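User: I'd like to talk through this structure before I go back to the bench. Can you take me through it step by step?

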Amino acid sequence: MCEVNKYDKINEFIRFAIVGVIATLIHYAIYYLLKFVINYNLAYTIGYALSLLLNFYLSSVFTFREKPTFAKFFGMSVVHGVNYLLHITLLNLFVYIGVSKNIAPIPVYAIAVPVNFILVRFVFKYQRKNEKRE
């Protein structure tokens, strides 16, 4: 029984990574293109918001195999609000210390993505426990 649990968690993490790569690539592509026409912070924010929508849907259906609900979207939005603050702070820190705006998101992702996994997983697992009680 423990082995199945361990296997399920590994598969869940792999699915999370796939969704994360897709959402990150979309976020970066939007950021990269928009930063030529608007402020890089605004470009990053727009890319983040759009990738959040896709990320929520794919995280629900594919990663955690859960039905997308408003409660989960709200929880994920709160988590991503915290994560966004981490992202935008790190982005500006890296730009401030001289990292090119073109590549500054890369070290941001390296730091923020693992934090995001822990927080998002908590939201989905917490919601699942609450739904089972009802």
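Analyst: One definition to begin with: accessible areas here come from the Shrake-Rupley method with a 1.4 Å probe. Please also keep in mind that this is a predicted model.

User: OK, so how much area does the chain expose?

Analyst: The chain exposes about 8,100 Å², and carbon and sulfur atoms supply 73% of that area. As for the interior, buried residues make up 36% of the 134 residues in the chain.

User: And how many helices and strands are there?

Analyst: The chain has four helices and zero strands, so that the pattern read along the sequence is α-α-α-α. Of the contacts with a separation of 6 or more, 70% are between residues 24 or more positions apart.

User: Switching to methionine 76, is that residue buried or exposed?

Analyst: Methionine 76 has a relative accessible area of 1%, and because buried means under 20%, this residue counts as buried. Methionine 76 sits in helix α3, which covers residues 70–96, and its C-alpha is 9.6 Å from that of asparagine 55, a residue 21 positions away in sequence.

User: What about arginine 65, where does that one lie?

Analyst: Arginine 65 lies in the loop between α2 (40–63) and α3, and its relative accessibility is 57%, which is why arginine 65 counts as exposed, the cut-off being over 50%.

User: And what is the phi of arginine 65?

Analyst: Phi of arginine 65 is near 50°, a positive value in a residue that is not glycine. Most residues other than glycine have a negative phi.

Note on methods: Residues are numbered from 1 along each chain as its sequence is written. This is a predicted model: local features need pLDDT of at least 70, side-chain atom pairs count only at pLDDT 80 or more; totals for chains, interfaces and linings use all residues. Side-chain values use heavy atoms; hydrogens and water are left out. Helices (H or I, at least four residues) and strands (E, at least two) are DSSP runs, numbered from the N terminus. Buried means under 20% relative accessible area, exposed over 50%, partly exposed in between (1.4 Å probe, protein chains only). Contact means heavy atoms within 4.5 Å.
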